[in-house]
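Colleague: I would like a close look at one part of this model, namely a sheet and how its strands are arranged, and then a walk outward from there to the other parts that can be described with some care. Please take it slowly and keep the residue names in view.

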Amino acid sequence: MLCSLRVLAAIILLVAAPYSLAAVILQYHHVSETAPKVTSVTPAQFKEQMQYLADNHFQVVPLTEVVASIKAKKALPAKTVAITFDDGYRSTFDTAHPILQAFGFPYTVFVSIAPTAKGYRDMMSWPQLQQLAQQGATIANHSYRHDHLIRRLADETEAQWLARVTRDILATESEIKAKTGQSVKLLAYPYGEYNTRLQALLTEVGFVGLGQQSGAAGPYSLLTALPRFPVAGAYADMDSLKVKLAARNMPVVSSSPTNPELADGHWQPRLQVTLEMADINPAQLRCYLPGQAAVKPQWISADSFQVQALKPLPAGRSRYNCTVPSKHGHGYYWFSQSWVRPDDQGQWLIE
Ligand SMILES: [Zn+2]
């Protein structure tokens, strides 16, 4: 009886809040006082954040569980969070891991093979990564050399580029498997850079891709571009984190263009998005475009809006972020479209 009541309660919840089936994926780099602030939280901040998750009954689950639920279109528990670290910095081992262990929180580390193998002092070694894996961490793919994967080499054809990137991703996965026994087929794109061809490649080789654009991950997300919220620098404070943790998965039915990679001088993309409107008041939707104050988008029908930057987007990475509060519940729906472009001469930025 109790069990069927629970099932009934779950069904009522689902019907009442069909768009709350989302998880917030947090992205960390360093947990350190001394690493660059723009990619760091301090150990005190990190501890406070984990304490907040525990005190407020967030369900911290492995990222693989979030992905499996989205794939199966299964509901996730309310307030589901997954924690990720990019690059495999030493502070994950020294500082974050003991704190996460104390709270019993699972997490994922995305590593690149070449920097790990070089034995830099601020990177984790394989024995350290193996220890984390043995103690419950997931070790996942961040490419072999942390390259900008969308960039072709000089004189490389599309086929050669795709073959090279496929080898890169698969070699990274095999190395992680050989060292840790794990192969979860999750790739965090270095720099959060991807294009639609790379996304298609990921699907072909059975991988899920994670970006660095904002938003909650859920049934409306692309499995080749799951959003993550960076927690670092100016966005490391508790107020900012609370807003992220309340994020909902924007019910995007379709959007265009979907390719983040801009070309041929088309530096002011006009983004058109169609939404399921049941829990959305169109008058409250706002978009945040590079170098501009918040804008009200133009609604072209009852459920579709478009938005376009006033000025050309800068060379490199940028985003359009749109948010709208839930009409019936707590928190904002988020949608973020990534863009990446070369300079006016067609050259990529050197980073
Ligand atoms: Zn990285």
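Modeller: In this predicted model, four strands form an open sheet with antiparallel pairing, and their order across the sheet is β12-β13-β16-β15. The edge positions are taken by β12 and by β15 (298-299), and because each of these has a single partner strand, one side of each is left without a neighbour in the sheet. At the β15 edge, the partner is strand β16 (residues 304-308), and the two run in the antiparallel sense over two bridges; within that pairing, Q298 has Q306 in β16 as its bridge partner.

At the other edge, the loop that joins β12 (252-256) to β13 (270-275) contains P257. The peptide bond leading from S256 into P257 is cis, with omega near 0°.

A second open sheet, also of four strands, has mixed pairing and the order β11-β18-β17-β14. Here β11 (248-249) and β14 (286-288) are the edge strands, and since each has a single partner strand, one side of each is again left without a neighbour in the sheet. The pairing of β11 with strand β18 (residues 332-341) is parallel and extends over two bridges, and in it N249 stands opposite W334 of β18.

Parallel pairing also joins strand β5 (residues 80-86) to β6, in this case over three bridges, with F85 placed opposite V109 of β6. In a regular strand, side chains alternate between the two faces of the sheet. Strand β6 (residues 108-111) can be read in that light: T108 and F110 point one way, V109 and V111 point the other way, and all of them are buried.

Just before β5 comes a backbone detail that deserves a look, for K79, in the loop between α3 (63-72) and β5, has a phi near 60°, which is a positive value in a residue other than glycine. K79 counts as partly exposed, because 17 C-beta neighbours lie inside 10 Å, and the partly exposed class falls between the buried limit of 20 or more and the exposed limit of 12 or fewer. K185 is another non-glycine residue with a positive phi, about 55°, and its place is the loop between α7 (158-180) and β8 (186-188). With 16 C-beta neighbours inside 10 Å, K185 is therefore also classed as partly exposed.

Turning from strands to helices, two packed helices are described by the angle between their axes and the distance between the axes. For helix α2 (residues 43-55) and helix α4 (residues 90-103), the packing angle is about 20° and the axes are 10 Å apart, which means that α2 is roughly parallel to α4, since angles under 35 degrees fall in that class. The crossing of α2 and α4 is right-handed. On the α2 side the contact is made by P43, F46, K47, M50 and A54, and these meet T95, A96, I99, L100 and F103 of α4. Sorted by class, the contact between α2 and α4 comprises eight nonpolar residues, one polar residue and one charged residue.

Key: Residues are numbered from 1 along each chain as its sequence is written. This is a predicted model: local features need pLDDT of at least 70, side-chain atom pairs count only at pLDDT 80 or more; totals for chains, interfaces and linings use all residues. Two strands pair if DSSP finds at least two bridges between them. Axes are lines fitted to C-alpha atoms, for helices over the stretch in contact, and angles run from 0 to 180 degrees between N-to-C directions. Angles under 35 degrees count as roughly parallel, over 145 as roughly antiparallel, 65 to 115 as roughly perpendicular and the rest as oblique. A crossing is left-handed if the near helix is turned anticlockwise from the far one by less than a right angle, and right-handed if clockwise. Two residues are in contact if their C-beta atoms, placed from the backbone, lie within 7 Å. Ala, Val, Leu, Ile, Met, Phe, Trp, Tyr, Cys and Pro count as nonpolar, Asp, Glu, Lys and Arg as charged, and the others, Gly among them, as polar.
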